[in-house]
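Please open the model in your viewer and keep the selection tool at hand, for this tour goes from one stop to the next and says at each what to select.

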Amino acid sequence: MVAVPLQGFPSRPVPILSLSLLFLSIVFSPVMAIETGETVGFSEAVARALQRDASVAVAGFDLEIAKRDVEIALGSNLPSITFDERFVRSSAPAEVFGLKMNRQMVTAEDFADPVASFNNPAPFTDFITSFSLEQPIYAPRALRGYRMAKREAGARELDSARAKEETAYRVASAYLGVLTAKEYVEVRGKALEAARQHYELAGKVERAGLGLASDGLRARVSLAEAEAASVTAKNRLELARKALALSMGERGGTSIDAASDPPPMPPAGTLEERIALARTSRTDLDAIAVRTENAEAGIELEKSGYLPTLGLRAGYQLDGGSPLNPDNRSWNVGVGLRWNLFDGMRNEASVARARGESGKAKEQLRGAGDRASFQVSQAYLSVIDAESRLVIAREAVAAAEEGVRLVRARYENQLGRMIDVLDAQSALDGARAGQVRAANDLRQSRADLEFATGTLLPWAMQGLAQNGQGGTR
């Protein structure tokens, strides 16, 4: 024990722990003052996140890649034109004779001594310029591959929409976290003010010779604890603001404050309605359904290996001593048929594999639908639970406030103890914190319900949509 004089109280021994708490609260509370930076509304926060979030950007690149894959697949069904320029100088007998024929330079002298001219020709030079055209006429694999690429691009677009909704959900959670942290700061501020009033009351009663010094000491410890709790609440608010900035795609360390409450949540409706809405609104389920359809089409893609392919080929050729001075022009046109009659049973194995992929995709779709129904049910029941707890928390706050008023009145009339006042105040502080927690749980569970249903993004963007500044996609 160390004897320390306290202002407003007689000189009495004071526990070192109590003084330490008071000292820390007084020293650190001014340092931890919150500096509010930029303030944004909810819809604006979501809109900025959709422009800057990395996951949205990645989904956008995936969609762009899928669109290019469609163009590549389409190119397999379109004609291809090739230009070829070659310089040839050869002394090979067959090549020399062929090159001379292509340039229309075979003369009677070549047949004067055919053995010598054909077997030992002089080197011959030719510039060959050619244009070739190839056009698939019947290519079932290329056509089906193009259709599958288009479906996959559609699925990637649905993935992009879900990525935006996930980003909006993260922003909503962070935004609600800031609002809740601000409410906690307010609650701790009320608790701090009450602790100061109790401390002053204890000093007043003791100076009048009607109270105990221990009441003042206990009130001072309670004040120190309230100071420390206030500092913690302010720190958590600052952390929540940084989390909001991070969810919006801002640079690290930035703090952004929430301007006001989010738009009103849509009514929850019935659980059955929500489950049915999720099956039609969730873009991730739609993407899985498209890929399931693609997996089914993959069977037909592999079966196309049993079918022939038919194509047209045409060519135009210039031969001469230089590219700009041809001696002869020639052309060719042809139609080709290719039919794989036996490939070592590889095609049969590919078809069987495609059937397995199709079955796997169907089960994934069924499982995803079941999980979505569970997620909706979980969020819906959480909303009901949070609503009930919020009603109870409000009643608890009202009862605790009345309890503090009664106990404080008894103490002021020398009918109670300071410890009873502090206990009642502690119960009130806990009830207020519980009310804040219950209110946040209700807002978060409603956001969870909208996300599980697949309707979070339209709700989040309705503020900008009403002002003509944005949309859901």
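How much space lies in the largest pocket? In this predicted model, the largest pocket holds about 270 Å³ of space. To see its walls, select Ala139, Pro140, Arg141, Ala142, Glu302, Ser304, Gly305, Leu307, Thr309, Arg338, Asn340 and Asn347, which line the largest pocket. If you colour these residues by character, you will find four nonpolar, five polar and three charged ones in the lining. Helix α6, residues 140-207, gives the largest share of that lining, with three residues. Rolling a probe the size of a water molecule over the atoms shows where empty space is left.

Next, turn to the strands. Select residues 80-90, which form strand β4, together with residues 124-138, which form strand β5; the two pair in the antiparallel sense over 11 bridges. Within this pairing, look for Arg86, which stands opposite Ile128 in β5. Now add residues 309-322, strand β7, which pairs with β5, again in the antiparallel sense, over 11 bridges. Here you can pick out Tyr138, whose bridge partner in β7 is Leu310. In a regular strand the side chains alternate between the two faces of the sheet.

Stay with these strands and show the side chains of Glu134 and Arg313, which meet in a salt bridge with a distance of 3.8 Å from N to O. This pair links distant parts of the chain, since Glu134 belongs to strand β5 and Arg313 to strand β7, 179 residues apart. Are the two partners buried or exposed? Glu134 counts as partly exposed because its relative accessibility is 40%, and Arg313 is likewise partly exposed, with a relative accessible area of 39%. Side chains of opposite charge can pair when their charged atoms come close. The structure as a whole holds 33 salt bridges, so there are others to visit.

For one of them, select Asp370 and Arg366, whose side chains meet in a salt bridge at 3.9 Å, N to O. Both residues lie in helix α10, residues 346-412, and because they are four residues apart there, about one helical turn separates them. Asp370 counts as partly exposed at 42% relative accessibility, whereas Arg366, at 51%, counts as exposed because the cut-off for that word is over 50%.

Then select Arg389 and Asp441, which form a salt bridge in which the closest N and O atoms are 3.2 Å apart. This pair, too, links distant parts of the chain, with Arg389 in helix α10 and Asp441 in helix α11, 52 residues apart. Both are partly exposed, Arg389 at 32% relative accessibility and Asp441 at 26%. As a further selection, take Glu38, Glu44, Arg48, Arg52 and Glu250, which are joined into one network by salt bridges that share partners.

The last stop is Arg443, which lies in helix α11, residues 418-453. Is Arg443 buried or exposed? Arg443 is buried, because its relative accessible area is 19% and buried means under 20%. To see its surroundings, select Leu176, Leu179, Thr180, Glu183, Asp261 and Met265, which Arg443 touches when residues up to four places away in sequence are not counted.

Note on methods:
Residues numbered from 1 in each chain as written. Predicted model: local features only at pLDDT ≥ 70, side-chain atom pairs only at ≥ 80, totals over all residues. Heavy atoms only, no water. Pairing = 2+ DSSP bridges. Buried < 20%, exposed > 50% of the residue type's maximum accessible area, 1.4 Å probe, protein only. Contact = heavy atoms within 4.5 Å. 1 Å grid on protein atoms, 1.4 Å probe; cavity = no way out; pocket = protein on both sides within 12 Å on 5 of 7 lines; lining within 4 Å. Points joined across faces, edges and corners; volume = space filled by probe spheres on them. Nonpolar A, V, L, I, M, F, W, Y, C, P; charged D, E, K, R; others polar. Salt bridge = Lys/Arg side-chain N within 4 Å of Asp/Glu carboxyl O.
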